[in-house]
Amino acid sequence: MLRYTVRMSRLKGKDMNRKKGRLLAIPYIIWIAGFTIIPLIFILVKAVTDVNGSLTSANLFAIFDPLHRKALLMSLSVAFFSTLICILIAYPASIILRTSRITNKSIILFILILPMWMNFVLRIFAVQLLISNNGVLNYILTAVNLPPLKIINTPWAILLGMVYDYLPYMMLPVLNSVLSIPEDVIEAAQDLGSNRFRVLTHIIFPLSLGGIGSGIIMVFVPSMTEFVIANILGGGKIQLLGNIIEQEFTVTMDWNLGSGLSVSLMAFVLITSMIFGRNNEDTAAGISL
Amino acid sequence: MEKELIRFENISKSFDSTDVLKDLTLSIHENEFVTLLGPSGCGKTTTLRILGGFEMPDSGRVFFDGMDITSLPPNKRQLNTVFQKYALFTHMNVAENIAFGLKIKGQDKSMIREKIAYSLKLVGLEGYEKRSPSSLSGGQQQRIAIARAIVNEPKVLLLDEPLGALDLKLRQDMQYELIRLKEELGITFVYVTHDQEEALTMSDTVVVMNQGRIQQIGSPEDIYNEPQNAFVADFIGESNLLDGIMVRDCLVNIGGLDFPCVDTGFGTDNPVDVVIRPEDVELSSSGEGQTKGRVISIVFKGVHWEMHVESDIGITFLVKTTDHFPVGSTVGISVDPYNIQIMHKPVSEDAQVYGQDESSEGEGYEP
């Protein structure tokens, strides 16, 4: 009997804890509902209806219109190449950092993150100042009798801006995964007969795939949906899908079409995330979907 | 004695101006089980890493089978290492881990498959080919690490505290496994540990190290029974470490009382260190013996009683015996001449450093 009452009171205690836990979760539930779930439902409803509120799939398939298709293609290629360039910069840098004798690697990490402390629109304006036709770069080029470069208002300018903006988001997970490989695992590979190249291809690379996957998601997804960089560095001449969606909402005021394009874009983003987000659970840097 | 396989010649190494190895010279023979034993920071791991090719000595040379391998990279050496934390490749399954070295050598697939099966059988993990290393227990992971190393048929297997991360029971089982493995493979084992029991159980030869210097090289029996200095005596097992004066050959004065012993060549009236193992102090209830004493504490240790006996010559002896004497009782104390071990006092502090954290367990980073 005594034991029974003890157990009961323990159970009550557990129940109380559970109730308290639920109370603490309320702010987060409100946050998620208010800023994620409800807007998402709103967008989804707008996407499958027309101005009169009747069901239609036209908005969802509007992405295949020639104009939109062109913008989607531009978005995809800019996102693809900016992600690729970020990997090509971040991966060798991480390998070099790992093998270097620099003992205080956190300082390097700090320097890498430093630009993220500044508003990214400001940084893009700075890039604009550097590469505009009468900008700092061309001033230096003409000063040494070289022909000025016309980069501003081309896809190259957008690519440059995106790489500049998103590089830390690639660098952090990749560096993290490369640095977290234990030294004795690499020594074991050498011990078993691997030269430096084989250690890189058979040990370091496969063990850092998780970090690369995270980096791809963190760079590819935002650059797919980017429109501010395109506005500033593209001079309004290059249309990314993000720009078109923005215009549907703010200029044309066709929220149904804007929502439809957003949902289609979201589908693209989800598919790529799923491709690269797999097998990420092992790495600390991994963000698995 | 078998043929010499490895020779360290005057090896010195320092990290950040700390001397880790000081002029170390050591020979290891074919088919020998050599254990480098010592406390944290004594240089044993560094010695092993120099042999494995992971560190370069500042000065001195390493010879392998007559060849100078001092600057040879690890992948070119005919030896394999078992690491303390296993260092398995987590992105490969057990079979791929074991096949790693064989694939580099370009052996054909059926041969590799056969060797994987054989090495798994040797370590008692048949049928584990497809398992992932992270699904295995610590002891199983260590067996895979051993299989991964021995499958390459190295002439020497280096083991860096391989049992350090395992629990006591498993550690004892693995000690016998390793002895069996060595006998089956017929290769040289170089083993690093700070655990004296491990060293005594498995080794043919024990190399006791402290502060970058070799203190004594010998068989486990030699090291235990005939320690050459106070550090070795204190590090290996428990002991009564006493100050004495060598009156003449075969007679030592401890605390004013002369004890017959069997050691010679220490001169006359020279101060010496004396070691008497706790199990070698004989007590008698009658009070007869070389001196008398009073039992001041007694603790039951399972096989024996461990007690402290305060003697009339002013020395408190640690005694291990299967007889029980109550606290406060008077006992006779005597020591067989063969069980008194005489050692030279250290000449300089550099030659021998006594009592450096001998109780350290599970050391962390050791340069």
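Student: Why does I41(A) count as partly exposed?

Tutor: In this predicted model, I41(A) has 47% relative accessibility. Buried requires under 20% and exposed requires over 50%, so a residue in between is partly exposed. I41(A) therefore counts as partly exposed at 47%. The residue is found in helix α1 of chain A, which covers residues 2–47.

Student: What makes I41(A) eligible for a nonpolar patch on the surface?

Tutor: A patch residue needs over 30% relative accessible area and no salt bridge, and Ile is one of the nonpolar side chains that are joined within 5 Å. At 47%, I41(A) passes the threshold for area. I41(A) is accordingly listed with Y28(A), W31(A), I32(A), F35(A), I37(A), I38(A) and V45(A), and together these residues have about 910 Å² of accessible area.

Student: Which residues gather in a patch of positive charge, and what makes R113(B) accessible enough to belong?

Tutor: The patch consists of K103(B), K109(B), R113(B) and K130(B). R113(B) has a relative accessible area of 58%. That value is over the 30% needed for a patch, and it is also over 50%, so R113(B) is called exposed. R113(B) lies in helix α3 of chain B, residues 109–122.

Student: How do you know that K3(B) and E30(B) form a salt bridge?

Tutor: The closest N and O atoms of the two residues are 3.7 Å apart. The limit is 4 Å, so the pair qualifies as a salt bridge. The pair links distant parts of the chain, 27 residues apart: K3(B) is in the segment before β1 and E30(B) is in the loop between β2 and β3 of chain B.

Student: Are these two partners, K3(B) and E30(B), buried or exposed, or in between?

Tutor: They are in between. K3(B) has 47% relative accessibility and E30(B) has 26%. Neither value is under 20% or over 50%, so both residues count as partly exposed.

Student: Why is the pair R61(B) and D68(B) called a salt bridge?

Tutor: Their closest N and O atoms are 2.4 Å apart, and this is within 4 Å, so the criterion is met. R61(B) has a relative accessible area of 38% and D68(B) stands at 36%; both are partly exposed, because the values fall between 20% and 50%.

Student: What makes E238(B) and K320(B) a salt bridge that links distant parts of the chain?

Tutor: The closest N and O atoms are 2.7 Å apart, within the 4 Å limit, so the pair counts. E238(B) is in the loop between α8 and β11, K320(B) is in strand β18 of chain B, and 82 residues separate them. E238(B) is partly exposed, with a relative accessible area of 35%. Elsewhere, salt bridges that share partners join K3(B), E30(B), D65(B) and K155(B) into one network. Over all chains the structure holds 21 salt bridges.

Student: How many disulfides does the structure hold, and how do you know that C261(B) is in none?

Tutor: There are zero disulfides over all chains. The cysteine sulfur nearest to that of C261(B) belongs to C250(B) and is 5.8 Å away. A disulfide needs the two sulfur atoms within 2.5 Å, so C261(B) is in no disulfide.

Student: Why does C261(B) count as buried?

Tutor: C261(B) has 6% relative accessibility, which is under 20%, so the residue counts as buried. C86(A), at 0%, is buried by the same cut-off. Of the 367 residues of chain B, 51% count as buried.

Student: What value of phi does E161(B) have, and why is the residue called buried?

Tutor: Phi of E161(B) is about 40°, a positive value although the residue is not a glycine. Its relative accessible area is 4%, under the 20% cut-off, so E161(B) is buried. E161(B) lies in the loop between β7 and α5 of chain B.

Student: Why does D269(B) count as exposed?

Tutor: D269(B) stands at 55% relative accessibility, over the 50% cut-off, so the residue counts as exposed. D269(B) also has a positive phi, near 55°, and is found in the loop between β13 and β14 of chain B.

Conventions: Residues are numbered from 1 along each chain as its sequence is written. Chains are lettered from A and ligands numbered from 1 in the order in which they are written. This is a predicted model: local features need pLDDT of at least 70, side-chain atom pairs count only at pLDDT 80 or more; totals for chains, interfaces and linings use all residues. Side-chain values use heavy atoms; hydrogens and water are left out. Patches are made of residues with over 30% relative accessible area and no salt bridge: like charges are joined within 9 Å, nonpolar side chains (Val, Leu, Ile, Met, Phe, Trp, Tyr) within 5 Å. Accessible areas come from the Shrake-Rupley method with a 1.4 Å probe; for residues, only the protein chains shown count as cover. A salt bridge is a side-chain nitrogen of Lys or Arg within 4 Å of a carboxyl oxygen of Asp or Glu. Lys and Arg count as positive and Asp and Glu as negative; His and the chain ends are not counted. The place of a charge is taken as NZ of Lys, CZ of Arg, CG of Asp or CD of Glu. Helices (H or I, at least four residues) and strands (E, at least two) are DSSP runs, numbered from the N terminus. Buried means under 20% relative accessible area, exposed over 50%, partly exposed in between (1.4 Å probe, protein chains only).
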